[in-house]
Structures are given as C-alpha cells and as structure tokens.
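Let's take a walk through this structure together. Have the sequence and the 3D view ready, and follow along as we go.

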Amino acid sequence: MRSLRSGLLTSLLAGVVAAGSLLAAAPASHAADSPLRDLAEAKGKVMGTAVTGSKLTGTYGEIAGREFNWLTPGNAMKWGSVEPSRGSYNWAEADQIVDFAEAHDQQVRGHTLLWHQQNPGWLTNGNWTRDQLSAIVRDHIATEVGRYKGRLAAWDVVNEPFNEDGTYRPTLFHDTLGQDYIAQALTWARAADPGAKLYINDYNVEGVNAKSTALYNLVKSLKERGVPIDGVGLQAHLIVGQVPSTMQQNIQRFADLGVDVAITELDIRMQLPATQAKLTQQAADYKAVMNACVAVARCTGVTVWGFTDSDSWIPDTFPGQGAATPYDENYRPKPAYHAIAQALGGTTTTPPTGACSATYSVTSQWSTGYTGQVRIACSGASLSSWKANWTFGAGQRITQAWNASCTQSGAAVSCANASYNGSVPDGGSVTFGFNGSWSGSNPVPVVTLG
Ligand code: G3I
C-alpha cells in the first residue's frame, strides 16, 4: 500500500498544476530576548493580556506569567459570571485569576461592572423601577469592587456606552436610570475601592470619529463635574490593514484632558487562511498600535484580547476570520509578537535560524478534488516525530492521506508521522500527501508543526 501510494504521489508531482508554499518555523517557542513585560516596563508601560482562568496551567500559564504584567479576566468578572442567580455569587474563576496575577507579580484590570452583554437573566428580565435598579447596581458595584478592594489596579466601570454615531446606547441601565448612570457607577466604584483607577471602555473609539468624540465630551464633562474618572480604555478590536491613522492624535487628546489611556482589548483579525503577507501586514499593524501608545506618556500600556489564536473570540463571532493574536494556536510567536517586542525596544525580532518548517502545496486539482502535499524540512534543527497542523479556510476536506496519519475535525486538520518517517534530520526533509475535496476556492493554509 505504502509503495503504491508513493508511486501515485510521484506521478502527481510530475504534473504540478498549482502550488503555494508557506513557511512556519518550528519549534520556535523561544521568543524575544526579554519577555514583553520587561521590555514594556523599561518603557514605563504595561503589557497585558485577557485570560481564561481554567487555562492558566501548562504552556498557556507559562506564557501568560512570563510575557505579561497585566491580566484582564476575559469573562470571569462580568455580571453574568459572578452573580448568575440573584444573591448567589460565583467568584471561583475571578479569584483564580487574581491569585495567579499576584503569584506572578502582575496587576489586574477588572472587567467589567456595567455592560449591556453577559448579564444574568434575573437582571435583564426584571421589570425594575428606577429606584430598584439603582439599588441593584449600587449593590453590585459595592459587592464586586469591594471584594477585590486593594487588589485590582483598575476597573472598566462602564463598558461600551455609545452607539457608533456618538449617541448613548439604549441599554437597561441607560433607559432605566438615565445617562447619568455612568457618573453614579463611577462614584460608587470609587467609594468601594478608592485605590483602583476607574475607566470607561469602548470599541471603535481608537481614532478620531463621532463615537470617540462623544466619549471625549463625556470624559471632559465628568472631569468638570468632579466625577471620579481616571482613564479611558480603547478596546482596539482591529482589522488587518485598518489601524486608524489618527490613533496617536486621539490618545493625545484624551491625555490632554488629564486622564490615562489604555489600549484594553487589542486584536487584529484577518480573513482566513492566514498567509505570510497578511501576517506581515498584521505585524506592521501591531507595531503601529504599540508605537501610538509608546508615543504618549499618559498611555499606560497595551492589553491583547487573548495572546494565542487558540483563545480568541474572533472565530466564533466572525466566521471565516481569525489569527488575530500575537501567538498562533500552538503557542508559537507570530510576526506580530516580534513587532510588539520591537516597538517596545526589543532587539531580537527574528525567529531563531535553526528550525524545521512545513510547506503546503496543491500538486493537482480538478473540479471537485485535489491532491496536496506537505514537505517538512529541517535546517539547523531536527525532529524525531512530527505533527503538521492547519485550518482550512474554505471548507476543504481530506479524503485520503499517505505517509502520514491525518484526522480532520471541522476545519482543523492534524497529520502525524507514520511509523517509518517521524525522523527528520538536520538538512533533511519528509513529504506526505493527501487527496481532498473542495468547492468555490481552494486557498493554501498556513501549516504549523507541533
Ligand atoms: O461558558 C460558556 C460555556 O459553558 C458554553 O459551553 C459555551 C457555548 O457557547 O459558551 C460559553 O460562554 C461563552 C463565553 O464567551 C465564554 O467562552 C459565550 O457563549 C460567549 O458569548 C462569550 O463570548 C465573550 C464575549 O465577550 C461576549 O460578548 C468572549 O469570550 C469575550 O472575549 C468577549 O469579550 C468582549 C469584551 O468583554 C468587551 N469588548 C468586546 C469583547 C469581544 O466581544
């Protein structure tokens, strides 16, 4: 069987009709010389990441602890997480993250007290009077902020209060309490923990536009009224190639109001599959955001919304898009990681030279099917076993493979070496092949080695 399939592959290779190849360095867990958190600290900035509490072990925990000095719970502190039933609290994941942060000399950004999403059903379904809801909100803030008093550096007190045109978003809080719910929430949060910096956080407010101007005007008026407001969070859920050109100017105008600015949820998504060209553009985009923050003294730092593509909200929310974070799904630093390091003054910005890489090619294609191959080559490194992983971007399916054992789950494919070809010496290579089905388009995915 093996020789028959090899023969088939050889004959197909003779008639190559389409080929694309991408390199993926592996194993390349070594990143910049200094962790991002040290580089950031030397610049007077912080480097943060959103985290999922249950994942803070193994490689995920090592990277979160090593590279970042700020953590934001991605979901654990939201109202729906902490008080799923009225008066019945679940602090387990939030506590776990705060404990982890303290053990790793990290600060924590509380996220978030008042938002129109991820609220418990009892809250959103209640038909509250203004006085009832006001008391509920006050108690919520007093309870949650009070629980972590002295342990959190900052709170996103109000999240996403504006529409795109700069009008107030109609929410339970806005519609029942009036637009001064924001001032009330800030005042209650200050009372519960006078040491925590209090922020309003929103998206699509990175550049100068109607929404960021509304936020600007709100902060200006809160300051004038003496309402406690310490900073604004610019979420920065961006798209490759679309960093707003007015970002630094926008950060500066908030700083000039006398508040801090934090980039709170940075990710830069792309249409999958990721290509080297898109990853290179993404790296430039990450660097542009970092540079904008570094350039303004009151920009406290940057938090990425998940540091690995395996822990990102993007694929669930924007089908077909992803690869938005600085590390790939196998925890390998992407060009974006090196761009962040470089913007923070790091010197090691290229992956180590000794590496094994995987190259994916379409060797033959017809109306519904195709034959592909992956070549794994090592230079300055070697492998004793391998696994080649990729995610199809257009619904392709593997139907048959040779010289590897392949499994596919959804769009994710993982191919492990056969018993006879796990070893790839320095300077050597191994190739395996497969047949697949496709329709519409058959883009070449990025292959990573694990
Ligand atoms: O925990 C449940 C799990 O039990 C269940 O099996 C699973 C099935 O879908 O859902 C899980 O909950 C999901 C939760 O994330 C935890 O993974 C929710 O469905 C999902 O909606 C939720 O998404 C979060 C999203 O906020 C909600 O809008 C993302 O993880 C989180 O990253 C995202 O973060 C927000 C910021 O808080 C505010 N700014 C925008 C940003 C992106 O939407």
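**A guided tour**

D105 lies in the loop between helix 5 (92-103) and strand 3. This residue is a good place to pause, since D105 has a positive phi of about 55° although it is not a glycine. Most residues other than glycine have a negative phi, and most peptide bonds are trans. Keep both halves of that in mind for the next stops.

Move on into strand 3, which spans residues 107-114 and contains T112. The peptide bond that joins H111 and T112 is cis, with omega about 0°. A cis bond also links L272 to P273, and there omega is near 5°. To find P273, look in the loop that runs between strand 8 (260-271) and helix 12 (276-294).

H111 brings us to the ligand, as it is among the closest of the 13 residues that surround the ligand. The others named as closest are K78, Q117, E265 and W305. What kinds of residues make up this shell? They divide into 3 nonpolar, 7 polar and 3 charged.

Now zoom in on individual atoms. In the side chain of K78, an N or O atom sits 2.6 Å from an oxygen atom of the ligand. With E160, the ligand takes part through a nitrogen atom, 3.0 Å from a side-chain N or O atom. For Q235, too, a side-chain N or O atom is 3.0 Å from a ligand nitrogen. How much of the ligand does the protein bury? Taken alone, the ligand exposes 780 Å², and 45% of that is buried by the protein.

Step back to take in the chain as a whole. The UniProt record, an unreviewed entry, annotates residues 33-343 as "domain: GH10". Over that stretch the chain is 42% helix and 18% strand, and the C-alpha atoms at its two ends are 14 Å apart.

Finally, remember that you are looking at a predicted model, and consider how confident the predictor is. The mean pLDDT of the chain is 91, with 90% of its residues at 70 or more. Which elements mark the two extremes? Helix 1 (residues 2-14) has the lowest mean pLDDT of the elements, 33, while strand 6 (residues 231-234) has the highest, 99. Across residues 1-32, pLDDT stays under 50, and the model has 68 contacts beyond four places in sequence for this segment. When you look at residues 1-32, then, keep that pLDDT under 50 in view.

Conventions: Residues are numbered from 1 along each chain as its sequence is written. This is a predicted model: local features need pLDDT of at least 70, side-chain atom pairs count only at pLDDT 80 or more; totals for chains, interfaces and linings use all residues. Side-chain values use heavy atoms; hydrogens and water are left out. UniProt positions are given in the numbering used here, feature names are shortened, and annotations may be inferred rather than shown by experiment. Helices (H or I, at least four residues) and strands (E, at least two) are DSSP runs, numbered from the N terminus. A residue is near a molecule or strand if one of its heavy atoms lies within 4 Å of it. A polar contact is a pair of N or O atoms within 3.5 Å; within protein, one must be able to donate a hydrogen and the other to accept it, and residues adjacent in sequence count only if both atoms are side-chain atoms. Accessible areas come from the Shrake-Rupley method with a 1.4 Å probe; for residues, only the protein chains shown count as cover. Ala, Val, Leu, Ile, Met, Phe, Trp, Tyr, Cys and Pro count as nonpolar, Asp, Glu, Lys and Arg as charged, and the others, Gly among them, as polar. pLDDT is the predictor's confidence in each residue, from 0 to 100. Contact means heavy atoms within 4.5 Å.
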